[in-house]
Amino acid sequence: MENKKVKVEVCHGASCFVAGSKIMQELSEIVPKKYGNKIELETCNCLGLCSIHWEKRKAPYVKVDADVINEATTEKVLNIIDEKLTAKAT
Ligand code: FES
């Protein structure tokens with residue numbers, strides 16, 4: 001059976017934490033109220049993307065299912081969650 005939940009992993013490595021520490025806090029407050037149990041929200045270790053050349057680095061990173069969002073904001077993550085849930089519902 002296909003997993004209908006959307007998995008959201010907020011990178012909690014040092015670079016991402018420094019760049020976007022409030023994202024996890026905001027998502028923790030918004031996601032359960034807005035989506036109930038349709039989302040698996042967790043932190044993850046460094047995704048390894050912060051080690052590329054500093055000019056190309058786009059922390060913070062958040063992974064939503066297989067997609068990586070760079071320069072993540074709470075709004076960007078919520079938009080991707082909406083898209084994923086719509087796609088899984090069809
Ligand atoms: S700290 Fe997030 S990708 Fe390395």
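Let's start inside the sheet: Val8 has Val64, in S3, as its bridge partner. Please keep in mind that this is a predicted model. The strands S1, residues 6-11, and S3, residues 62-64, run antiparallel to each other and share 3 bridges. From there, the tour below moves to the rest of the sheet, the helix H1 that lies across S1, S2 and S3, and a few loop residues with notable backbone angles.

**The sheet**

- The sheet is open and has 4 strands, arranged in the order S2-S1-S3-S4 with mixed pairing.
- Two strands sit at the edges, S2 (39-44) and S4 (67-69); each has a single partner strand, so one side of each has no neighbour in the sheet.
- On average, neighbouring strands here are turned by 20° against each other, ignoring direction.
- As a reminder of the general picture, strands in a sheet pair through backbone hydrogen bonds, in either a parallel or an antiparallel way.

**Helix H1 and what surrounds it**

- Helix H1 spans residues 14-35, and its direction is at about 160° to that of S2 as it lies across S1, S2 and S3.
- At Gly20, H1 bends by about 80°.
- Gly20 is also one of the buried residues of H1, together with Cys16, Ile23, Met24, Leu27 and Val31.
- The cover over these buried residues of H1 includes S1, S2, S3 and H2.
- Phe17 belongs to H1 too, but this residue counts as partly exposed because it has 17 C-beta neighbours inside 10 Å, where being buried takes 20 or more.
- Phe17 and Arg57 are 40 residues apart along the chain, and 14 Å separates their C-alpha atoms.
- Just after H1 comes Gly36, with a positive phi of about 60°.

**How H1 meets H2**

- In general, a pair of packed helices is described by the angle between the axes and the distance between them.
- For H1 and H2 (residues 74-89), the axes come within 10 Å and cross at roughly 35°.
- The crossing of H1 past H2 is right-handed.
- On the H1 side, the contact is made by Ile23, Glu26, Leu27, Ile30 and Tyr35, while H2 brings Thr74, Val77, Leu78 and Ile81.
- Sorted by class, this contact of H1 with H2 has 7 nonpolar residues, 1 polar and 1 charged.
- Ile23 and Leu27 are worth a look in the viewer: both help make the contact with H2, and both are among the buried residues of H1.

**Loop residues to check**

- In the loop between S2 and S3 you will find Pro60, and the peptide bond leading to Pro60 from Ala59 is cis, with omega near 5°.
- Asp65 sits in the loop between S3 and S4 and has a positive phi, near 50°, although Asp65 is not a glycine.
- Asp65 is partly exposed, because 17 other C-beta atoms lie within 10 Å.
- Glu71, in the loop between S4 and H2, is another residue other than glycine with a positive phi, here near 45°.
- With 13 other C-beta atoms within 10 Å, Glu71 also counts as partly exposed, because exposed would need 12 or fewer.

Technical notes:
Residues are numbered from 1 along each chain as its sequence is written. This is a predicted model: local features need pLDDT of at least 70, side-chain atom pairs count only at pLDDT 80 or more; totals for chains, interfaces and linings use all residues. Axes are lines fitted to C-alpha atoms, for helices over the stretch in contact, and angles run from 0 to 180 degrees between N-to-C directions. A crossing is left-handed if the near helix is turned anticlockwise from the far one by less than a right angle, and right-handed if clockwise. Two residues are in contact if their C-beta atoms, placed from the backbone, lie within 7 Å. Ala, Val, Leu, Ile, Met, Phe, Trp, Tyr, Cys and Pro count as nonpolar, Asp, Glu, Lys and Arg as charged, and the others, Gly among them, as polar. Two strands pair if DSSP finds at least two bridges between them. The bend at a residue is the angle between axes fitted to the seven residues ending there and the seven starting there.
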